[in-house]
Amino acid sequence: MSDKLKVGILGGTGMVGQRFISLLENHPWFEVTTIAASPRSAGQRYEDAVGGRWKMDTPMPEAVKDIIVKNVNEVEEVAKEVDFVFSAVDMSKDEIKAIEEAYAKTETPVVSNNSAHRWTPDVPMVVPEINPQHMEVIEFQKKRLGTTRGFVAVKPNCSIQSYAPVLTAWKEFEPYEVVVTTYQAISGAGKTFKDWPEMEHNIIPFISGEEEKSEKEPLRIWGEIKDGVIVPADYVKITSQCIRVPVLNGHTAAVFVKFKKQPTKEQLIDAINNFSGVPQELELPSAPKQFIRYMEEDNRPQVALDVDYENGMGINVGRLREDSIYDWKFVGLSHNTVRGAAGGAVLCAELLKAQGYITKK
Ligand SMILES: NC(=O)c1ccc[n+]([C@@H]2O[C@H](COP(=O)([O-])OP(=O)(O)OC[C@H]3O[C@@H](n4cnc5c(N)ncnc54)[C@H](OP(=O)(O)O)[C@@H]3O)[C@@H](O)[C@H]2O)c1
C-alpha cells in the first residue's frame, strides 16, 4: 500500500482541476485517488466525463482515466476516501464557502484555489515563500468549526503573483505606493483560444472583480495574526488596472513603486535574486530553486520565452529603471495557472504537510 497521502480533486474536470491532476502525476507525497465534479459528470469514467475538454499540453495521466467521477455535493462519500482535497469547483461564492466548510467539518483539510474564503478572517491565504506563518491561524479556525484536523486554507488570486513577491523582496526599502497594470492571459478565465475566439487579436479592458483583488490581497498576505484573525497590513497603497490580452498562459504586470528609503538598482536586483523562503529551506517538492530572477535583457521577461521558468513556479522580473514621477518601475511575469493557481495550491499543501497540518487520516 502506498504511503502517499490520498487526495481528492473537487472540480477535477475543469481547467484548474486538470492542472492539479497534471501537476500531481508522479508527485512524491500525494496521490490522486478521487475526483469529484458536478452531477453532470458524476458516475462517468474521468476520461469520458472530460471528453474533448482536456486543456493541458501533456496527455491525461493513465492513472486517473478510469477513476469514476463523484458528485461534489455528496460530501461524506468523497471525504471518506481521502486524506485531504484540493478545491477548484466553479459554483456561486456562497455555495463554495458552504461546501468547503462542509468538507472541513468531515475532518478533511481543504486547500482551495477559489476566492470564496480569501477574506474569511481565520482562513490563511498563503504564498508559501511570503507568509507561511499565517497557517498558525488554522488552530483558531478549527475551534470555530469544532474540528480536530479539518480546515480550509487558500492561495491568493493569480494576478498578484507577478508583483507581490517582488515587493516582498523589497520590504526593507519600505515600498508605500504602488501602481500596477496587469496584462492577463485567457487561461485565467478557464479559456483557450478555441473556446474564446473573440480574444484573438483583441484586448478587453475589464476583468470582473480583478482590480479589487489585485489591490487588496497583497495587504492580507503582508498582514499579521491578531486575536485569532489575520489583520491586513495598512502601510502600502496599491492601485491597479487589469486587462485581458491575447495570451494563453502568463500574467504580465507593469509596476511603478515609491519607497520611503532610497535603494540603488544594485540593491533592488540583489534583493530579488537572493529572496527565498521556507519552501526553499525545506526543499518542498514543488518549490522553485530560485523563486524570483532578474533578467538584464531589455526585451525580457517575455511570455513566450519565460513563462515556464522553474516549471511555472518562478517569478520573472525585468526592465527595472528609475522613474520621473515614481521612484522605480519594473515588469513582472508569472504563470497564472501554475504558480497562480494549481501549482501555488500544491505548494501550500506541501507546506501544510511539512508543518504537520495535513496528515494521513
Ligand atoms: N482558470 C484559472 O486560472 C483560475 C485561477 C484562479 C481561480 N480560478 C477559479 O477556480 C475555479 C475553477 O475554475 P476553472 O477555470 O477550472 O473552471 P471550469 O473549467 O469551468 O471548471 C469548473 C469545475 O467545477 C465543476 N462545477 C461546475 N458547476 C458545478 C456545480 N453546480 N456543482 C458542482 N461542481 C460544479 C465542473 O464540473 P463539470 O465538468 O461536471 O461541469 C468543473 O469540474 C473557479 O471558481 C475560478 O474562478 C480559476
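In what order do the strands of the open sheet of 6 strands stand? The order is S10-S7-S11-S14-S13-S12, and the views below start from this sheet.

This is a predicted model, in which local features need pLDDT of at least 70, side-chain atom pairs count only at pLDDT 80 or more, and totals for chains, interfaces and linings use all residues. Residues are numbered from 1 along each chain as its sequence is written, and side-chain values use heavy atoms, with hydrogens and water left out.

**View 1. The open sheet of 6 strands has mixed pairing.** Helices (H or I, at least four residues) and strands (E, at least two) are DSSP runs, numbered from the N terminus. Two strands pair if DSSP finds at least two bridges between them. Strand S10 (237-244) and S12 are the edge strands; each has a single partner strand, so one side of each has no neighbour in the sheet. On average, neighbouring strands are turned by 20 degrees against each other, direction ignored. Axes here are lines fitted to C-alpha atoms, for helices over the stretch in contact, and angles run from 0 to 180 degrees between N-to-C directions.

**View 2. Strand S13 (residues 315-322) pairs with S12 (residues 292-295) and with S14 (residues 328-334).** The pairing of S12 and S13 is parallel, over 4 bridges. Tyr294 has Val317 of S13 as its bridge partner. Val317 also stands opposite Gly332 in S14. S13 and S14 pair in the antiparallel sense over 5 bridges and form a hairpin with 5 residues between them.

**View 3. Strand S11 (residues 251-259) pairs with S14, and a helix packs on the sheet.** S11 and S14 are antiparallel, over 7 bridges; the bridge partner of His251 in S14 is Ser334. Helix H9 (residues 265-273) touches S11, S12, S13 and S14, and its direction makes about 140 degrees with that of S12. Contact means heavy atoms within 4.5 Å.

**View 4. The largest nonpolar core has 55 residues.** Such a core is a set of buried Ala, Val, Leu, Ile, Met, Phe, Trp, Tyr and Cys residues joined through side-chain atoms within 4.5 Å. Buried means under 20% relative accessible area (exposed is over 50%, partly exposed in between; 1.4 Å probe, protein chains only). Tyr103, Trp170, Trp222, Ile292 and Phe330 touch the most other members. Domain 1 (5-157 + 342-355) and domain 2 (159-335) both give residues to this core, so it lies between them. Domain bounds come from an automatic or database domain assignment. Leaving aside residues up to four places away in sequence, Ile292 touches several residues, including Pro165, Ile272, Phe275 and Val317.

**View 5. Domain 1 and domain 2 are in contact.** The contact involves 37 residues of domain 1 and 41 residues of domain 2. Their centres, taken over C-alpha atoms, are separated by 25 Å.

**View 6. Helix H1 (residues 15-23) is largely enclosed by the rest of the structure, because 7 of its 9 residues are buried.** Among them are Met15, Phe20 and Ile21. The buried residues of H1 pack against several elements, including strand S1 (5-10), helix H2 (46-50) and helix H12 (338-354).

**View 7. Thr147 lies in the loop between helix H6 (138-145) and strand S6 (152-154).** Thr147 counts as buried because its relative accessibility is 9%. A polar atom of its side chain lies 2.7 Å from the backbone oxygen of Gly150. Not counting residues up to four places away in sequence, Thr147 touches Ala104, Lys105, Glu107 and Lys142.

Note on methods. A polar contact is a pair of N or O atoms within 3.5 Å; within protein, one must be able to donate a hydrogen and the other to accept it, and residues adjacent in sequence count only if both atoms are side-chain atoms.
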